[in-house]
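Subject: Structure handover

Hi,

Here is the structure for you to look over. My notes on cores, pockets and cysteines follow below.

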Amino acid sequence: MQDTHVSTHDAAADTRNDNILIYVDGQIVPRAEAVVSVYDSGFMLGDGIWEGLRLYDGHIAFFDAHLDRLFEASAYTEIDIGMDRAALKQAVRDTLQANEMHTDVHIRLMVTRGRKSKPFQHPHLSLFGSTVVIIAEHSKPDESVITRGIRLHTVPHHRGLPLTQDAKLNSHSKLNCIIALNHAIRAGADEALMLDPFGFVNTTNACNFFVVKKGAVWTSTGDYCMNGITRQKVIDLCRAEGIAVFERNYSLVDTYSADEAFLTGTFGAQTPVFEIDGREIGGGKAGPVFLRLRAAYKKLIEADRSS
């Protein structure tokens with residue numbers, strides 16, 4: 001059976017990725033040799049943090065903002081990265097240079113609490129320092145998603161209170177989101193629309209979520225969603241472009257009647273949503289506000305590259 005599902009991370013297959021070099025704790029090694037211990041905290045417990053980065057024409061977009069978020073997560077989780085910002089930046093650049101990569105590259109920067117002496121959760125068992133891995137792949141988003149759109153299904157799994165696991169953390173512990181995505185896929189959708197603990201529309205399993213109503217852009221309060229770099233850039237762009245934007249609580253009642261809906265994330269930038277819970281949104285095509293913001297975001301990337 002042909003898979004008709006669309007993903008916000010769809011990209012054309014690229015055979016160059018079969019032979020990429022990967023950074024593992026100071027060594028840049030062939031893909032087949034890029035391994036970590038089964039005692040590693042990330043493998044064993046999901047005890048790690050990460051950032052997704054994009055390389056455009058030799059420039060890593062919003063690199064400093066991503067590192068701000070990584071070091072904030074490091075402080076909160078008490079994972080000692082073992083490298084300062086300058087060293088991390090250099091490690092990423094070394095990885096790109098070793099692979100002769102210049103544009104349309106997605107970078108996964110991962111840090112775990114490191115290898116443990118015993119297979120238990122206590123952080124004091126991580127005796128060997130952090131594990132740092134950098135995977136850079138040739139990866140150009142599939143532009144056909146702009147005409148095909150994304151289908152969402154609202155799931156019973158929500159993004160929880162910070163009292164449990166703060167959704168602002170880019171943590172290796174993604175099981176809650178994966179279970180939500182599986183639920184949505186079984187319902188025939190592409191991604192899961194997740195509510196907050198009080199039933200307000202929040203985010204998807206992988207991206208931040210926006211709707212457009214009467215020319216104004218709405219998104220969640222940000223209290224229970226991923227602390228998205230692209231999310232904030234879109235909010236800032238709305239203000240710069242004179243588009244009314246609101247970070248507010250709103251429900252599925254507001255969502256189903258939206259004129260447009262779209263997702264934001266580092267990989268796909270902005271992706272239109274054409275269906276939510278079987279209801280067509282925006283006539284099943286990318287709307288004018290979405291297209292205006294997508295064009296403005298591309299200009300922002302260019303401006304960031306020249307700054």
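This is a predicted model. I'll start with packing.

The largest nonpolar core holds 42 residues. Leu152, Phe209, Val217, Phe262, Val273, Ile276 and Leu293 have the most contacts inside it. Helix α8, residues 288-306, gives the most to this core, with 6 residues. Another core lies apart from it, with 31 residues. Among them are Tyr23, Val92, Leu96 and Met101.

Leu152 is worth a closer look. Leaving out residues up to four places away in sequence, Leu152 touches Phe209, Val273 and Ile276, among others. The contact list also includes Ala189, Leu193 and Leu263. Glu191, Thr204, Glu275 and Asp277 are on that list too.

Now the pockets. The largest has a volume of about 760 Å³. Its lining counts 39 residues, and the closest to the pocket centre are His9, Trp50, His106, Arg108 and Ala206. Several elements each supply at least two lining residues. The strands are β3 (48-56), β5 (105-112), β6 (131-138), β13 (260-265) and β14 (269-276). The helices are α2 (63-77), α5 (175-186) and α6 (229-241). Which element gives the most to the lining of the largest pocket? That is α5, with 4 residues. By class, this lining splits into 15 nonpolar, 18 polar and 6 charged residues.

The second largest pocket has a volume of about 490 Å³. Of the 25 residues that line it, Tyr56, Pro141, Glu143, Arg294 and Lys298 are the closest to the centre. Two or more lining residues come from each of β3, α4 (145-148), β14 and α8. Here α8 gives the most, with 6 residues. The lining of this second pocket has 8 nonpolar, 6 polar and 11 charged residues.

Note the elements that recur. Both β3 and β14 give at least two residues to the lining of the largest pocket, and both are also listed for the second largest. Helix α8 gives the most to the largest core and also to the lining of the second largest pocket.

Last, the cysteines. How many disulfides does a search of the whole structure find? The count is 0. For Cys207, the nearest cysteine sulfur is that of Cys177, 11 Å away. Cys207 is buried, at 5% relative accessible area. Why is Cys238 unpaired? The closest cysteine sulfur, in Cys225, is 15 Å from that of Cys238, so it is too far for a bond. Cys238 is buried as well, with a relative accessible area of 0%.

Best wishes

Note on methods. Residues are numbered from 1 along each chain as its sequence is written. This is a predicted model: local features need pLDDT of at least 70, side-chain atom pairs count only at pLDDT 80 or more; totals for chains, interfaces and linings use all residues. Side-chain values use heavy atoms; hydrogens and water are left out. A nonpolar core is a set of buried Ala, Val, Leu, Ile, Met, Phe, Trp, Tyr and Cys residues joined through side-chain atoms within 4.5 Å. Buried means under 20% relative accessible area, exposed over 50%, partly exposed in between (1.4 Å probe, protein chains only). Contact means heavy atoms within 4.5 Å. On a 1 Å grid over the protein atoms alone, a cavity is a set of points where a 1.4 Å probe fits but cannot get out, and a pocket is an open set with protein on both sides within 12 Å along at least five of seven lines; lining residues have an atom within 4 Å of a point. Grid points are joined across faces, edges and corners, and a volume is the space filled by probe spheres set on the points. Ala, Val, Leu, Ile, Met, Phe, Trp, Tyr, Cys and Pro count as nonpolar, Asp, Glu, Lys and Arg as charged, and the others, Gly among them, as polar. A disulfide is a pair of cysteine sulfur atoms within 2.5 Å.
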